Structure formats: C-alpha cells, structure tokens
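Could you walk me through this structure in plain words? I have the sequence and the model open, and I'd like to know where to look.

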Amino acid sequence: MSNQFLIATHGRLAEGFYESVKFFNSQIENVHYMNAYVKHNDFEKDFVEKVKELSGSPLIVLTDIPGGSVNKIASKYISSFGYKVISGINLSILLEFVFSTENLNEETIERLVKSSREQLVYMNKLIEEMEGKEFTND
C-alpha cells in the first residue's frame with residue numbers, strides 16, 4: 001500500500017510545492033495539498049475532512065513552519081489518525097519523501113530529515129571556500 005502525502009501550509013505555498021512535484025512527475029497521484037487560510041479560516045475542519053478522505057493508506061503530512069498554526073493543527077490529530085508529520089519542509093525534502101522507494105518507517109524518516117538539514121547551503125561561503133581547489137575523483 002503506497003503512502004499518501006498531504007502538504008499543508010499557510011497561504012498558497014502548498015499548491016506551489018504540489019505543482020513543483022508535478023513538474024518532476026506529472027502522473028503522480030498520491031500527493032495532495034491544502035492552502036490554509038486562503039478561502040476561509042476554518043482550516044482545522046477542512047484538515048480533518050481531508051485526513052479522513054486519505055485514511056485508507058499510510059499518510060505523511062508535511063507542513064511549513066514547526067511553530068505555526070497549520071503544524072499545530074496537524075500535530076493535534078497525530079494520535080487520532082496515526083499519520084506522520086514532518087514540519088519545516090522544503091522542496092528537496094519533499095521530493096525525497098515523495099519519490100522514495102524505501103519503506104517510510106521511523107528510521108527512514110529520521111534519516112531523510114537529517115539529510116535535508118544538510119542541504120541548506122550558504123553558496124557564497126561555499127564558493128569562497130572552494131576557490132582554488134581542484135576536484136578530483138580520488
């Protein structure tokens with residue numbers, strides 16, 4: 001049974017993430033999104049309805065801000081629905097989760113989250129440090 005993914009963010013960020021995933025695979029059907037507080041303010045009710053709709057498969061909820069209202073609502077229902085919540089997402093981690101061929105158990109999720117922390121790079125500093133260094137295959 002394949003995982004379902006629900007991207008839930010403030011504003012239209014979730015839709016942007018969804019469209020970016022579709023850019024890489026237009027046929028994907030297990031990724032869903034919720035734009036919070038865009039059309040109306042009852043995100044919690046809409047969220048619960050969406051989770052119920054997706055309850056037939058393992059669900060991973062991805063949110064934008066760990067301390068934000070969207071994440072607080074998603075976290076509130078973890079024990080009720082038994083899904084996983086990953087907060088502070090970016091496109092790199094989203095793509096890793098969605099396109100992973102591994103079983104997304106606790107160990108794999110922890111590894112992917114750890115990996116995503118290493119993908120935030122201050123490029124100016126990296127380029128400065130790399131100037132004059134040659135890359136070899138040693």
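Here's a short tour, going from the whole chain to a few spots inside it.

First things first: this is a predicted model. The chain has 138 residues, and 36% of them count as buried. If you lay the C-alpha trace along its principal axes, it spans about 55 × 30 × 30 Å. You'll find seven helices and four strands in it. Follow the sequence from start to end and they come in the pattern β-α-β-α-β-α-α-β-α-α-α. There's plenty of long-range contact, too: taking the contacts in the chain with a separation of 6 or more, 64% are between residues 24 or more positions apart.

Now let's look at the aromatic rings. The structure holds seven aromatic pairs. One of them joins Phe43 and Phe47, with ring centres 5.7 Å apart; their planes sit at 40°, so this pair is tilted. Both residues belong to helix H2, which covers residues 43–53, and because they're four residues apart there, about one helical turn separates them. Are these two buried or exposed? Phe43 has a relative accessibility of 3%, so it counts as buried. Phe47 goes down to 0%, and that makes it buried as well.

Another pair is made by Phe81 and Tyr83, and this one is stacked: the centres are 6.3 Å apart, with 10° between the planes. Here the two partners don't share a label. Phe81, at 30% relative accessibility, counts as partly exposed, whereas Tyr83 is buried, with a relative accessible area of 4%. Step back a little and you can see a wider group, since ring pairs link Tyr37, Phe43, Phe47, Tyr77, Phe81 and Tyr83 into a cluster. So both of the pairs we've just visited have their residues in that cluster.

Next, move along to two helices that pack together. Two packed helices are described by the angle between their axes and the distance between the axes. For helix H5 (residues 91–98) and helix H6 (residues 106–117), the angle is about 155° and the axes are 9 Å apart. An angle over 145 degrees counts as roughly antiparallel, so that's how H5 runs relative to H6. The crossing of H5 past H6 is right-handed. Which residues make the contact? On the H5 side they're Ile93, Glu96 and Phe97, and on the H6 side they're Ile109, Leu112, Val113, Ser115 and Ser116. Sort the residues of this contact by type and you get five nonpolar, two polar and one charged.

While you're at H6, have a look at Thr108, which is found in that helix. Its relative accessible area is 8%, so Thr108 is buried. Setting aside neighbours within four places in sequence, Thr108 is in contact with Glu102 and Asn103.

The last stop is Ser87, in strand S4, which takes in residues 84–87. Ser87 has a relative accessible area of 27%, which means it's partly exposed. Ser87 and Ile7 are 80 residues apart in sequence, but from C-alpha to C-alpha they're 9.9 Å apart in space. What does Ser87 touch, leaving aside its neighbours within four places in sequence? The answer is Thr63, Asp64, Ile65, Pro66 and Asn71.

Technical notes: Residues are numbered from 1 along each chain as its sequence is written. This is a predicted model: local features need pLDDT of at least 70, side-chain atom pairs count only at pLDDT 80 or more; totals for chains, interfaces and linings use all residues. Side-chain values use heavy atoms; hydrogens and water are left out. Axes are lines fitted to C-alpha atoms, for helices over the stretch in contact, and angles run from 0 to 180 degrees between N-to-C directions. Helices (H or I, at least four residues) and strands (E, at least two) are DSSP runs, numbered from the N terminus. Angles under 35 degrees count as roughly parallel, over 145 as roughly antiparallel, 65 to 115 as roughly perpendicular and the rest as oblique. A crossing is left-handed if the near helix is turned anticlockwise from the far one by less than a right angle, and right-handed if clockwise. Contact means heavy atoms within 4.5 Å. Ala, Val, Leu, Ile, Met, Phe, Trp, Tyr, Cys and Pro count as nonpolar, Asp, Glu, Lys and Arg as charged, and the others, Gly among them, as polar. Rings of Phe, Tyr and Trp (its six-membered ring) pair if their centres lie within 6.5 Å; planes under 30 degrees apart count as stacked, over 60 as edge-to-face and the rest as tilted. Buried means under 20% relative accessible area, exposed over 50%, partly exposed in between (1.4 Å probe, protein chains only).
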